[in-house]
Amino acid sequence: NPWDVMLCVSGTAIACENALVVAIICYSPALRTPMFVLVGSLATADLLAGLGLILNFVFQYVIRSETVSLLTVGFLVASFAASVSSLLAITVDRYLSLYNALTYYSERTVLCIHTMLAGAWGVSLCLGLLPVLGWNCLHDRAACSVVRPLTKSNVTLLSASFFLIFLIMLHLYIEICKIVCRHAHQIALQQHFLTASHYVATKKGVSTLAIILGTFGASWLPFAIYCVVGDPDYPSVYTYATLLPATYNSMINPIIYAYRNQEIQRSMWVLFCGCFQAKVSFRSRSPSDV
């Protein structure tokens, strides 16, 4: 099936991209701040999702087993759920860095971030275990969804969770835009005018947030909607055509959240070129700068 081949190729690209991000964050002691812990969580989730796509291809064509199929599907569900949850955690962190700027660099923030990540991975693991623990349609084909062997109620739960996360992210990014515009207005009042650099920075910040949310929505919304309205009797090409763009989100995440960051770029040079001498020290940036 060429669609399965494309999913496997997509998984390979996802795994390679995110493995590099995880290696850079683990290799560089300077990247141990809460912000990069969240980026590392996202990269780890996407790395596991890429590996899951590869394993799904291998087990589908090499080792045919219903048990292995359930394990692979559960692994993919948990990985992609952790990826989406990590994106939500990054959004919350960005909002807190602007809303509580004075108290952001405190131990309370670190505890909050670790709690968010523990909750995100815990919920994702539970969602991944549901098919393995019996919530599947292996023995009841009528209960199957557009994604076998997940049941209709299972994919409805997953889609509802995604819609909720998307709405929360949309609300938080709107609040972030309001805070950014309010800061720009305060600067303008202090300086009696809004300089060109401040206007460009504000416009760039709002555009970046729009690109982030737009990319996330364009990747996942078609698949989430089709899981709700689709019927298992429909041609499987519809499922593949909506699932493949969803995997692209895990391919784009490292570019948006990692490779554009100056500290990660420096660490990448150090990782691949030991002779690199950085005369400029690492600057701890807030999540709103990433």
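**An all-helical chain in a predicted model**

Read from the N terminus, the elements of the protein chain follow the order α-α-α-α-α-α-α-α. The model described here is predicted. In total, the protein chain contains 8 helices and 0 strands. Of its 290 residues, 44% are buried.

A good place to begin is the pairing of the helices at the start of the chain. Two packed helices are described by the angle between their axes and the distance between the axes. For helix H1 (residues 2-27) and helix H2 (residues 34-61), the axes come within 7 Å and the crossing angle is roughly 150°. Because angles over 145 degrees count as roughly antiparallel, H1 is roughly antiparallel to H2. The crossing of H1 past H2 is left-handed. Sorted by class, the residues in the contact of H1 with H2 comprise 18 nonpolar, 7 polar and 2 charged.

Further along, the loop between helix H4 (107-132) and helix H5 (152-191) invites a closer look, as it is the place of Pro149. The peptide bond leading from Arg148 into Pro149 is cis, and its omega lies near 5°.

Helix H7 (residues 236-259) offers another local feature to follow by eye. Its 24 residues reach 35 Å from the first C-alpha to the last, close to the 34 Å expected at 1.5 Å a residue. Even with that span, H7 bends by about 35° at Ile252. A proline also appears in this part of the chain: Pro254 follows Ile252 within four residues.

Methods:
Residues are numbered from 1 along each chain as its sequence is written. This is a predicted model: local features need pLDDT of at least 70, side-chain atom pairs count only at pLDDT 80 or more; totals for chains, interfaces and linings use all residues. Side-chain values use heavy atoms; hydrogens and water are left out. Axes are lines fitted to C-alpha atoms, for helices over the stretch in contact, and angles run from 0 to 180 degrees between N-to-C directions. Helices (H or I, at least four residues) and strands (E, at least two) are DSSP runs, numbered from the N terminus. Angles under 35 degrees count as roughly parallel, over 145 as roughly antiparallel, 65 to 115 as roughly perpendicular and the rest as oblique. A crossing is left-handed if the near helix is turned anticlockwise from the far one by less than a right angle, and right-handed if clockwise. Ala, Val, Leu, Ile, Met, Phe, Trp, Tyr, Cys and Pro count as nonpolar, Asp, Glu, Lys and Arg as charged, and the others, Gly among them, as polar. The expected span of a helix is 1.5 Å times one less than its number of residues. The bend at a residue is the angle between axes fitted to the seven residues ending there and the seven starting there. Buried means under 20% relative accessible area, exposed over 50%, partly exposed in between (1.4 Å probe, protein chains only).
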